[in-house]
Amino acid sequence: MSVDNLDKPVAEEVEVTGDLSLGRKDLPSEKQTKPGLLTRLKNHIYHKPEKSQNIWHLLTNLTSTQRITFTAAFFGWTLDAFDFFSVSLSASRIAEEYGVQPSDVIAAVTTTLMLRPVGALIFGALADKYGRRWPLIFDIILFSVVNMATGFAPNLQVFIGLRAVFGIAMGGEWGLGASLALESLPVEARGLFSGIYQQGYACGYLLAALVNYSIVQTNSSWRILFWVGASFALLGIVIRIWVPESESFENQKKTREVLGRSLFTEMKTALKEHWLRIIYMVILMAFMNFFSHGSQDLYPTFLITQLEYTPTQQTVTNVIMNVGAIVGGTLFGYLSNSFGRRFIICVCAICAGAFIPLWIHASNIHSLQFGAFMMQFFVQGAWGVIPAHVNELAPSSFRGLIPGLTYQLGNLISAASGQIEAIIGEKNPIRNDDGSYKLNVKGEQIANYGLTQGIFMGCVCVGLFIIALIGKEERNKDFNEDAIDSAEDPTVPREKDVNEMEEGNRRNGP
C-alpha cells in the first residue's frame, strides 16, 4: 500500500465475492480460475451418484394396487411388441406368399410406425381428459381385433392397410401405459421399474420369436402368429379391468374443476412455456427409435438371407439378444436413478457403437450371438431410462399426451429405418473376390444388409450421444407435487392451495 493511500479506508481494497466471502483485489494467488471445457462437460452430464436402495426391497415394497397397475401396463406393452415384431420375423415368408420382395413387406413396418403419432395424439388427449384406464382398455381391444384380421389378409395391400390401423392402436399404448405405471410408483423405484417396463418390448420380441419358431418348425402358416397375438390380448383386457385410475390424473382433474380451467387452455399454456423442451424430446426420441429399429427390424432377415442361418439358429440368436435387452434395460434403468438419465444414455451409445463389428461381422456364430447380446444390452439399456426420463420432462398436466406423442413423433421420423437399410442393401449386393455377385441357393443375389446396418448404427450412436449430452433432465421429479405444472407460472396454485380453496368453498357454501 502506497503512502498516498494510507488515508483511504481499507474497505476499498477488498471485494465481496459470489459466495459473500472477502478477498483481496490484487493477489493473483487468490484469483479464481474458470473450469476447463472437459471439466464443465463432465459436470454438465455426470453428477455424484445418489445412494441407491436395494433392488429386492424396491421389487417387494409395492402395494397390491401398484403391482396390478404396473403388471397391466407391462403386459400391454409386451403384447404390442409381440404384434409389431410378428411382421419382421415372418417378412421372408409373407413376401414369398404374396410374390414380393422382403423390402415390400417391411413397408408395412414403416406404415405402422408412421401412423403411431396419430394414435398417441388421440389416446393421449383422451387420457388427459377422461383418465388413463378406459382409453387403455379400448386400445388393447382395438389392436386385438386388427391383429386377428391381419391373419386373414388376402394380399399385400390389405395387409399394409391393417398394419396402418394397428399403428394407430400401438401409438396409444406406450405413453398411456408408461404414465399410468410410473405415476403409481414411489420415486425411489422409478428408475428400476422404468427399465422393467420398457423391456416389455424385448419380452414381446422374445415371445414372438419363440412362437414363430414353433410355427416354422411345424411348417405352419405365418398367419397363425397374428392370431396368437390377438388371443393374448384377451388376457390383457381382463387384467386392465381391475386397474384403478391414476391418482395423479385425479389430482389434475380436481385442480381443473376448482380453477375453472379447460384442458385446451392448459394445452396452450404448456406449448407456450415448454415448446423448446417438447421439440428436444421429439429429437431425442427420433434418435432413440433409430437406435432400436436400426438394430432390430432388419436383423432377423439379415440372419436368414445374408448369413443363411437356419430357422433354429435365427431363433436362438433372437432369444440371446433379447435376453441381453432385458438384462441391460433393467440394470441401466435402475442405475439411472443414481447416476442420472442422460449419463446412462451416453454410456450406452458409446458401448453400442463399439460392438457394431462383432454384431454383424463376427468370425463365427457364437461370436456373432455374443455381439448381438451386447448390442441389445446397450440399446435397450439406453431405452430402460426413457419411460422415466420423458415422463419427468413432460408438463405435469399432459403426462398422458406429451410422452407418448413425442415418442411416436420420434418414431415417425425414424419410421423408414428398416426399409432404408433393406433397400440400400438390396441395391448393393455382396460381391465375390473376382467382382461377380454372390448368389444364394436359388440363384438370387444376396443383399448386403450387414454393411448397411453397421454404417447406419454407427451414425445413430454418434447422433444419440450428442443429443443426450446437450439436453436436460429432472431426475426423480415428484409427479404428485404439482397438479398443474406451475414451475414457470407462479400464478397457478399448487395442489395444497387447491385443497385449501376446496375446503374454504365447503365452509362458505354455494
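**Exercise 1. Work out which helix gives the most to the lining of the second largest cavity, and describe that cavity.**

*Solution.* Start with the helix: H12 gives the most to this lining, with three residues. Keep in mind that the model is a predicted one.

Next, place H12 among its partners. Helix H12 (263-296), helix H17 (365-383) and helix H19 (402-413) each supply at least two lining residues.

Now list the wall itself. The second largest cavity is lined by Arg116, Gln198, Tyr201, Asn289, Ser292, His293, Gln380, Trp383, Tyr407 and Asn411. Sorted by class, that lining has three nonpolar residues, six polar and one charged.

Finish with the space inside: about 50 Å³ lies in the second largest cavity. If you search the whole structure, you will find three cavities of 30 Å³ or more.

**Exercise 2. Find how many residues line the largest pocket, and say which helices supply them.**

*Solution.* Begin with the count, which is 29 residues. Ser92, Ile304, Thr305, Lys442 and Glu444 are the ones nearest the centre of the pocket.

Then turn to the helices. At least two lining residues come from each of H3, helix H4 (91-98), helix H9 (200-217), helix H13 (299-305) and helix H14 (311-339). H4 gives the most, with five residues.

Next, look at the chemistry of the wall: 14 of the lining residues are nonpolar, nine are polar and six are charged. The volume completes the description, with about 930 Å³ of space in the largest pocket.

**Exercise 3. Describe how H3 packs against H10, and decide whether the two are roughly parallel or antiparallel.**

*Solution.* A reminder helps here: two packed helices are described by the angle between their axes and the distance between the axes.

Take both values for this pair. Helix H3 (residues 64-89) and helix H10 (residues 223-241) pack at about 165 degrees, and their axes are 10 Å apart. Because an angle over 145 degrees counts as roughly antiparallel, H3 is roughly antiparallel to H10.

Add the handedness: H3 passes H10 in a left-handed crossing.

Then look at who touches whom. On the H3 side, the contact includes Ile68, Phe75, Leu79 and Phe82. On the H10 side, Leu225, Phe226, Phe232 and Ile239 are among the residues in contact. Taken by class, the contact of H3 with H10 has 15 nonpolar, four polar and two charged residues.

**Exercise 4. Classify the packing of H5 against H7, and give the handedness of their crossing.**

*Solution.* First, read off the geometry. Helix H5 (residues 102-130) and helix H7 (residues 156-183) pack at an angle of about 40 degrees, with their axes 5 Å apart. That angle makes H5 oblique to H7.

The crossing of H5 and H7 is right-handed. As for the residues of this contact, 17 are nonpolar, seven polar and three charged.

**Exercise 5. Find which residues make the contact between H8 and H18.**

*Solution.* Set up the pair first: the axes of helix H8 (residues 190-198) and helix H18 (residues 386-393) come within 7 Å and cross at roughly 120 degrees.

Now name the residues. H8 brings Arg190, Ser194, Tyr197 and Gln198 to the contact, and H18 brings Ile386, Pro387, Ala388 and Glu392. By class, the contact of H8 with H18 has four nonpolar, two polar and two charged residues.

One link back to Exercise 1: Gln198 of H8, in contact with H18, is also one of the residues lining the second largest cavity.

Definitions and conventions:
Residues numbered from 1 in each chain as written. Predicted model: local features only at pLDDT ≥ 70, side-chain atom pairs only at ≥ 80, totals over all residues. Heavy atoms only, no water. Axes fitted to C-alpha atoms, helices over the stretch in contact; angles between N-to-C directions. Helix = DSSP H or I, 4+ residues; strand = E, 2+ residues; numbered from the N terminus. Parallel < 35°, antiparallel > 145°, perpendicular 65-115°, else oblique. Left-handed = near helix turned anticlockwise from the far one by under 90°. Contact = heavy atoms within 4.5 Å. Nonpolar A, V, L, I, M, F, W, Y, C, P; charged D, E, K, R; others polar. 1 Å grid on protein atoms, 1.4 Å probe; cavity = no way out; pocket = protein on both sides within 12 Å on 5 of 7 lines; lining within 4 Å. Points joined across faces, edges and corners; volume = space filled by probe spheres on them.
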